[in-house]
Number of protein chains: 2
Amino acid sequence: MADDQRRVRIAILGAGTVGSQVARLLIEQKDDLAQRIGAIPEIVGIAVLDPDEAREDDLPRSLLTSDLGALVAEADIIVELMGGIEPARTVLLRALNGGKSVVTANKALLAAHGPEIYEAADAAGADLYFEAAVAGAIPLVRPVRESLAGDRVKKILGIVNGTTNYVLDEMTTKHLAYDVALKEAQELGYAEADPTADVEGYDAAAKAAILASLAFHMRVRLEDVYREGITEITPHDVAAAAESGHVIKLLAIAERTEAGVCVRVHPALVPLAHPLANVRGAFNAVFIEAEAAGELMFYGKGAGGLPTASAVLGDIVSVARHLAIGGKGPRESNYVDVPVLPLSAARTRFQMRLRVLDQPGVLAKVAAILGKHQVSIEAVRQPPRAAEAPFAHLVISTHEAVEADLDATVDEIRECDVVNAVLSVLRIEGE
Amino acid sequence: MADDQRRVRIAILGAGTVGSQVARLLIEQKDDLAQRIGAIPEIVGIAVLDPDEAREDDLPRSLLTSDLGALVAEADIIVELMGGIEPARTVLLRALNGGKSVVTANKALLAAHGPEIYEAADAAGADLYFEAAVAGAIPLVRPVRESLAGDRVKKILGIVNGTTNYVLDEMTTKHLAYDVALKEAQELGYAEADPTADVEGYDAAAKAAILASLAFHMRVRLEDVYREGITEITPHDVAAAAESGHVIKLLAIAERTEAGVCVRVHPALVPLAHPLANVRGAFNAVFIEAEAAGELMFYGKGAGGLPTASAVLGDIVSVARHLAIGGKGPRESNYVDVPVLPLSAARTRFQMRLRVLDQPGVLAKVAAILGKHQVSIEAVRQPPRAAEAPFAHLVISTHEAVEADLDATVDEIRECDVVNAVLSVLRIEGE
């Protein structure tokens with residue numbers, strides 16, 4: 001019993017792109033995770049339904065099993081990453097009825113059978129977490145269920161399908177026709193050979209149903225969601241949108257009015273100044289308007305094995321912690337001893353503006369000082385703004401350099417006879 | 001005891017801009033919140049330290065008290081919204097030591113005395129939630145503490161101070177000098193009469209210390225944070241940044257390298273294509289790079305009484321639920337019965353593209369059809385793209401209209417003798 005309290009037993013169902021990453025991270029980061037959970041997370045087995053699809057090469061073969069029932073019986077936490085309705089539905093209902101905690105990324109299942117599954121979890125007092133089911137790596141379910149639990153959501157506008165966002169983005173930036181952009185997306189692996197679920201909006205509609213249910217504390221079924229895909233969008237539509245200051249996005253929309261709630265998925269013109277307009281390529285973002293919080297946006301990768309695994313692991317830590325230390329929030333006193341570095345150790349790029357003598361040989365002198373301190377020049381510009389004679393302005397951008405080296409460089413530049421003043425030194429971030 | 005299980009007793013310390021909104025929302029939304037908590041949230045009192053600052057006009061006077069000690073003793077949950085170090089520190093430590101749950105928005109206290117407070121909470125097994133302490137309404141603490149608990153954060157870049165973001169934004173878009181932009185911000189109430197805490201980066205540094213502590217599971221003290229404000233930024237810096245494709249933002253940066261962690265606040269050049277570059281005015285946003293999740297961004301209002309109250313209420317619901325129903329995640333089976341509306345009930349703006357006969361009187365005919373169905377025209381354009389004679393293209397944007405009215409309009413336009421084709425009808429969202 002003492003030993004039992006110090007371990008949580010985890011069953012992973014499915015070893016595809018997400019399942020294999022979840023298993024790998026659980027094994028590799030066992031010690032870190034144990035600290036945060038308050039117990040050791042132990043994988044009791046990985047259920048492989050379809051051996052051809054299993055990416056089990058890196059996984060311990062001793063953990064692989066095809067006996068789903070025995071595996072579920074043995075575990076405290078069931079992590080369902082098989083996808084599809086059955087056998088996932090039956091397995092999860094049985095697990096929840098038995099009081100086991102469940103983590104799932106299965107949007108199809110929740111969109112079709114959410115109420116049944118939510119109720120089974122509540123009736124048994126079991127945890128049901130599904131952060132990865134709506135927007136992959138983006139923390140969205142937790143904020144909507146918990147952070148906004150005291151607020152009233154008015155409207156949600158979401159770019160929740162990376163494939164269609166990529167296709168529309170290519171149509172917009174490269175002026176491609178729909179089928180050309182789709183073919184490119186397929187070649188790059190951003191779209192499936194059969195793209196129907198994405199381009200016709202089925203995937204977005206499933207996510208919209210789950211999101212609307214959570215945000216408005218109600219039951220929205222998949223068939224309640226109006227759905228329209230992007231297959232009819234033409235380059236002329238894209239051009240006309242641009243002319244009126246818009247960009248076309250496939251949006252999942254859930255809106256609450258006095259009459260009720262309307263949930264729909266369709267292409268829409270979004271103003272260029274709106275935060276969603278700048279969500280590019282395969283990224284996802286969800287924009288939420290709430291009565292008290294105002295406008296919020298959540299942005300990140302909505303798909304992919306590793307990003308989705310991050311969301312699944314966060315859920316595993318939450319439910320494991322509930323089992324290990326009882327019903328409270330996260331703890332902060334388990335901390336690691338990492339050195340805090342002074343600024344001089346930071347590495348960044350820099351842009352410095354100098355006022356220099358307007359004469360030949362100045363750049364060579366300045367460049368020599370940078371070189372001496374291992375600071376490498378990325379670009380030099382002489383801006384069009386007039387400097388009073390006999391001076392000129394010089395703007396120098398550097399490659400990444402150590403802060404201490406740059407300090408020494410600037411000190412020496414200040415003393416240089418051709419330099420009148422160091423006007424500013426600013427760091428460059430986010431590149 | 002039966003009655004006790006069905007109520008959670010809440011003490012609100014402070015009745016300023018945030019405290020008064022939290023109290024108002026708790027009272028107004030009591031029934032909704034009780035559903036989500038599983039117990040009735042009851043305010044046992046509101047502590048008013050400084051009667052001059054209390055915005056208690058809308059609050060029941062019977063709840064106001066200046067006896068902090070008695071109020072805390074009576075409550076299950078202490079909601080600390082006084083700000084400042086003392087008496088907040090002493091009161092919260094005493095409450096946590098007594099096993100009471102604490103919700104606070106006090107960034108100064110957590111930045112200066114976080115470790116002491118985290119450890120008191122953990123030692124007592126008490127909940128300590130502080131979503132509102134870092135980025136106002138933006139759900140950020142919960143995602144970092146919980147959603148990313150199974151991931152490894154590499155870098156955080158945050159715009160966490162609305163005043164400086166507003167000032168820099170005005171300098172960028174209106175080419176204002178720093179002191180002119182600051183004065184404007186003060187007149188509009190975006191900056192304090194004494195703006196030091198904001199413009200010198202102290203506020204951002206406190207938030208950076210808290211955020212780095214959570215993200216890297218370590219102790220970062222306020223004095224570990226390198227800090228540089230925006231007072232030296234000139235219009236020339238802004239212009240030079242624009243010339244190289246950047247915009248200047250005051251960033252809170254926390255970065256983990258192999259050597260350790262470096263936390264710093266300073267102005268930085270951010271590339272225009274970076275999601276942070278588009279964060280305008282008084283909005284805040286935090287960009288996080290994690291090993292598995294990849295790039296994430298959280299965007300919203302970082303200050304203000306009502307937005308901050310939203311975050312505080314979310315925390316209250318979380319800790320109250322822990323008290324009411326024990327240590328599990330949120331429940332979904334308490335749902336409300338709201339009608340799900342069909343698409344025909346939705347109201348949106350539309351943009352339709354028509355191929356029409358290139359002759360006088362066409363617009364009048366089309367406009368008459370829209371008017372008949374109560375669809376009001378916002379703009380009409382004849383795009384420069386050539387249509388084959390005898391046709392022209394017409395792009396019509398409407399004001400908000402009911403979907404069903406628009407359907408009837410489009411049906412009638414299709415039958416109109418001067419219209420060759422309805423090329424597309426797209427909805428406009430996000431305006």
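Chain B touches chain A through 121 of its residues, which meet 122 residues on the chain A side. Keep in mind that this is a predicted model. Put together, the two chains bury about 10300 Å² between them, and 54% of that sits on carbon and sulfur atoms.

**Polar and charged links across the interface**
- The rule picks out 14 salt bridges between chain B and chain A.
- One of these pairs Glu243(B) with Arg381(A), with the closest N and O atoms 2.9 Å apart.
- If you're counting polar contacts, chain B and chain A share 38 residue pairs, both partners at pLDDT 80 or more.

**Who sits on the chain B side**
- Helix 14 of chain B (residues 305-325) supplies the largest share of the side that touches chain A, with 10 residues.
- Sorted by class, that side of chain B holds 59 nonpolar, 32 charged and 30 polar residues.

**Strands that pair between chains**
- Strand 10 of chain A (residues 261-271) and strand 17 of chain B (residues 419-428) run parallel and are joined by two bridges.
- Ala268(A) has Arg427(B), in strand 17 of chain B, standing opposite.

**A sheet within chain B**
- Chain B has an open sheet of six strands in the order 3-2-1-4-5-6, with parallel pairing.
- Its edges are strand 3 (64-65) and strand 6 (128-129) of chain B, each pairing on one side only.
- Inside chain B, strand 1 (residues 7-13) and strand 2 (residues 40-47) run parallel, with seven bridges joining them.
- For Ala11(B), the bridge partner in strand 2 of chain B is Gly45(B).

Definitions and conventions: Residues are numbered from 1 along each chain as its sequence is written. Chains are lettered from A and ligands numbered from 1 in the order in which they are written. This is a predicted model: local features need pLDDT of at least 70, side-chain atom pairs count only at pLDDT 80 or more; totals for chains, interfaces and linings use all residues. Side-chain values use heavy atoms; hydrogens and water are left out. Contact means heavy atoms within 4.5 Å. Buried area is the accessible area (1.4 Å probe) that two parts lose on being put together, summed over both. A salt bridge is a side-chain nitrogen of Lys or Arg within 4 Å of a carboxyl oxygen of Asp or Glu. A polar contact is a pair of N or O atoms within 3.5 Å; within protein, one must be able to donate a hydrogen and the other to accept it, and residues adjacent in sequence count only if both atoms are side-chain atoms. Helices (H or I, at least four residues) and strands (E, at least two) are DSSP runs, numbered from the N terminus. Ala, Val, Leu, Ile, Met, Phe, Trp, Tyr, Cys and Pro count as nonpolar, Asp, Glu, Lys and Arg as charged, and the others, Gly among them, as polar. Two strands pair if DSSP finds at least two bridges between them.
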